[in-house]
Amino acid sequence: MSAAEGRHERDGGHAALMDGVYRWQRHIYDATRKYYLLGRDRMIAGLDVPPGGTVLELGCGTGRNLLLAARRHPDARLFGLDISAAMLETAGATLSRHGLRGRIAIARADATSFDARALFGETSFDRVFVSYALSMIPGWEQAIDAALAALAPTGSLHVVDFGQQERLPGWFAAALRAWLARFHVTPRAGLVAEIGARAEAEGRATVFTPLYGGYAWLIVVGPRADSRSGSASRSG
Ligand SMILES: C[S@@+](CC[C@H](N)C(=O)[O-])C[C@H]1O[C@@H](n2cnc3c(N)ncnc32)[C@H](O)[C@@H]1O
């Protein structure tokens with residue numbers, strides 16, 4: 001992709017593309033995606049939000065994950081952003097139906113570059129998570145930068161997305177990729193390396209867990225080493 005195409009993607013072309021992909025799909029999204037967006041519930045179960053903590057999802061789609069996280073953490077404050085107005089319309093209706101509009105704020109924004117203070121009045125979050133969105137974001141590396149920048153020093157980043165199907169049959173991997181491409185989804189081969197390098201530069205540890213033979217990858221970036229109490233005395 002040329003620099004000009006890249007700018008176009010970021011400046012509205014990608015938002016229109018996502019609205020086009022989801023204009024009709026959003027009505028059957030939650031019912032169908034539970035069969036193949038695997039690992040989402042496991043990621044949410046591992047959030048371990050501190051009491052009264054803040055949680056941000058990048059690329060929140062229909063709000064399905066925020067709803068689940070809100071149920072698991074009744075005193076957490078939750079936030080979600082998405083580039084697709086169509087998806088946010090569905091998310092808003094779902095949250096209203098469950099009486100959660102007051103606890104979960106959603107906004108339209110690009111995950112590669114957003115101002116959390118302007119959107120939500122928050123400068124950092126205890127947990128940031130990204131579920132099956134990096135594989136749809138052209139500037140996914142910038143989205144990782146933005147996610148880490150939004151994290152509190154003691155906070156953690158949780159990512160689940162398509163892996164490289166590294167332990168699955170070649171025919172299955174090829175068929176899956178061809179099918180995903182129809183939805184503008186590209187599994188990111190460099191996902192673990194890109195996240196790991198950035199995390200290390202910030203003094204954060206990364207835990208990588210391949211799921212279902214590499215169908216999905218779960219990646220958790222922990223708190224900054226210098227934010228943990230007693231770390232100075234331990235490191236001597
Ligand atoms: C496959 S859906 C995943 C939705 C949700 N996270 C889930 O797990 O069900 C990908 C979502 O990422 C959103 N998205 C794609 N590019 C984005 C970007 N640059 N910034 C914010 N959201 C984006 C899409 O609009 C879509 O809602």
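Welcome: in this predicted model, 22 residues surround the ligand, each with a heavy atom within 4 Å of it. The closest are Arg40, Glu57, Gly59, Asp82 and Ser131. Local features here need pLDDT of at least 70 and side-chain atom pairs pLDDT 80 or more, while totals for chains, interfaces and linings use all residues. Residues are numbered from 1 along each chain as its sequence is written, and side-chain values use heavy atoms, leaving out hydrogens and water.

**Around the ligand**
- The shell is made up of 12 nonpolar, six polar and four charged residues, where Asp, Glu, Lys and Arg count as charged, Ala, Val, Leu, Ile, Met, Phe, Trp, Tyr, Cys and Pro as nonpolar, and the others, Gly among them, as polar.
- Helix H1, residues 3-25, contributes the most to this shell, with three residues.

**Polar contacts (N or O pairs within 3.5 Å)**
- Ser131 has a side-chain N or O atom 2.6 Å from a ligand oxygen.
- For His14, a polar side-chain atom lies 2.8 Å from a ligand nitrogen.
- Asn65 places a polar side-chain atom 2.9 Å from a ligand oxygen.
- Of the ligand's own 590 Å² of accessible area, the protein covers 98% (Shrake-Rupley method, 1.4 Å probe).

**The whole chain**
- There are 10 helices and seven strands, taken as DSSP runs (H or I, at least four residues; E, at least two).
- The C-alpha trace spans about 55 × 45 × 35 Å along its principal axes.

Technical notes
A polar contact is a pair of N or O atoms within 3.5 Å; within protein, one must be able to donate a hydrogen and the other to accept it, and residues adjacent in sequence count only if both atoms are side-chain atoms.
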